[in-house]
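Dear colleague,

Please find below the structure I agreed to pass on to you. My notes on it follow directly after.

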Amino acid sequence: MDATHDTRDMREASTGSLIVVVVIMIASALAFTLMTAPFEKLLGPGGGALAAAIHGTMAFLYLFVGTIGLYLGWRLLTGHIRAFADLQLLSVVAATFSLLAICFGNWLYIYYRMPIPESPRSYFVKNMPPVHAVFFEFKEFGALFTLPLTVTAAFILWRYGVQVVERKWLRYSVGVLMGLAFFYLVVAFGLGAAVTKLRPA
């Protein structure tokens, strides 16, 4: 299908539906965390258990949303997208989960970096320095790139609306932004899972 033709199915998403989707996703993440994790451990003295549980849940949901967003971004880049409104919604949801995952991740890093011998950072620095220097440091700062990338993609999609489909440079810009955001998401998710397996906070 020519990207400039037939925009009848490309109605822009409404702000109301956007708010509903974001609220439902966040509520689902919190409910899932509370239902599946031992409640007494989440609120007990066990270090960063609560922060780790919420951060992991947010990251997992972001990975789910980011995968769909990557597919729709590819469809947009190649000029074959029809679910433009869905892409608009997903771009904001992805940016929201990126922000939440970063916020809860910074909360978790307090426990990771605690200046005590039992903290994960102290353990890695003493026993496996490359894990801290490469796995964690790269994961921590690489994950931050997902926020400006997704926010920029969402801004373009909502600022220009269906004009994005009609202008090649806008389509390419959004497609590349979403692809880069997914790359940093996957790298951070994989390294974070590895660090958690080696030494939970």
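I begin at the surface. In this predicted model, Trp 107, Ile 110, Met 114 and Ile 116 together make a nonpolar surface patch of about 330 Å². One of these residues, Met 114, sits in the loop that runs between α4 (84–112) and α5 (120–127). Its relative accessibility is 31%, so Met 114 counts as partly exposed.

Turning to the overall architecture, the protein has 9 helices and 0 strands. Read from the N terminus, the order of elements is therefore α-α-α-α-α-α-α-α-α. The chain holds 201 residues, and 41% of them count as buried. The accessible surface amounts to about 10,700 Å², with 71% of that area belonging to carbon and sulfur atoms. Among contacts with a separation of 6 or more, 77% are between residues 24 or more positions apart.

The interior may be described next. The largest nonpolar core has 31 residues, and the members that touch the most others are Met 58, Leu 76, Leu 87, Phe 97, Leu 157, Val 164 and Val 174. Two or more residues of this core come from each of α3 (49–77), α4, α7 (146–160), α8 (163–166) and α9 (168–198). Helix α4 gives the largest share, 9 residues. There is also a second, separate core of 6 residues, which includes Tyr 112, Phe 124, Phe 136 and Val 195.

Several individual positions deserve a description of their own, and I take those in helix α4 before the others.

Ser 91 is placed in helix α4. With a relative accessibility of 2%, against a limit of under 20% for buried residues, Ser 91 counts as buried. A polar atom of the Ser 91 side chain lies 2.6 Å from the backbone oxygen of Gln 88. Setting aside residues up to four places away in sequence, Ser 91 touches Thr 150, Ala 154, Leu 157 and Trp 158.

Ile 102 is also found in helix α4. Its relative accessibility is 15%, so Ile 102 likewise counts as buried. Residues up to four places away in sequence again being left out, Ile 102 touches Ala 143, Leu 144, Thr 146 and Leu 147. Ile 102 and Met 58 are 44 residues apart along the chain, and their C-alpha atoms are separated by 9.1 Å. Met 58 was named above among the residues that touch the most other members of the largest core.

Tyr 62 belongs to helix α3. Its relative accessible area is 4%, and Tyr 62 is therefore buried. Apart from neighbours within four places in sequence, Tyr 62 is in contact with Ala 94, Phe 97, Ser 98, Thr 146, Thr 150, Ala 181 and Leu 185. Of these partners, Leu 185 is 123 residues from Tyr 62 in sequence, while the C-alpha atoms of the two are 8.2 Å apart in space. Thr 150 is a contact of Tyr 62 and is touched by Ser 91 as well. Thr 146, in turn, is in contact with Tyr 62 and with Ile 102.

The last position is Gly 190, in helix α9. Gly 190 has a relative accessible area of 38%, so this residue is partly exposed. The C-alpha atoms of Gly 190 and Lys 139 are separated by 8.6 Å, although these residues are 51 positions apart along the chain.

In brief, the points I would ask you to keep in view are the nonpolar patch that includes Met 114, the core of 31 residues to which α4 gives the largest share, and the separate core of 6 residues.

With kind regards

Key: Residues are numbered from 1 along each chain as its sequence is written. This is a predicted model: local features need pLDDT of at least 70, side-chain atom pairs count only at pLDDT 80 or more; totals for chains, interfaces and linings use all residues. Side-chain values use heavy atoms; hydrogens and water are left out. Patches are made of residues with over 30% relative accessible area and no salt bridge: like charges are joined within 9 Å, nonpolar side chains (Val, Leu, Ile, Met, Phe, Trp, Tyr) within 5 Å. Accessible areas come from the Shrake-Rupley method with a 1.4 Å probe; for residues, only the protein chains shown count as cover. A salt bridge is a side-chain nitrogen of Lys or Arg within 4 Å of a carboxyl oxygen of Asp or Glu. Helices (H or I, at least four residues) and strands (E, at least two) are DSSP runs, numbered from the N terminus. Buried means under 20% relative accessible area, exposed over 50%, partly exposed in between (1.4 Å probe, protein chains only). A polar contact is a pair of N or O atoms within 3.5 Å; within protein, one must be able to donate a hydrogen and the other to accept it, and residues adjacent in sequence count only if both atoms are side-chain atoms. Contact means heavy atoms within 4.5 Å. A nonpolar core is a set of buried Ala, Val, Leu, Ile, Met, Phe, Trp, Tyr and Cys residues joined through side-chain atoms within 4.5 Å.
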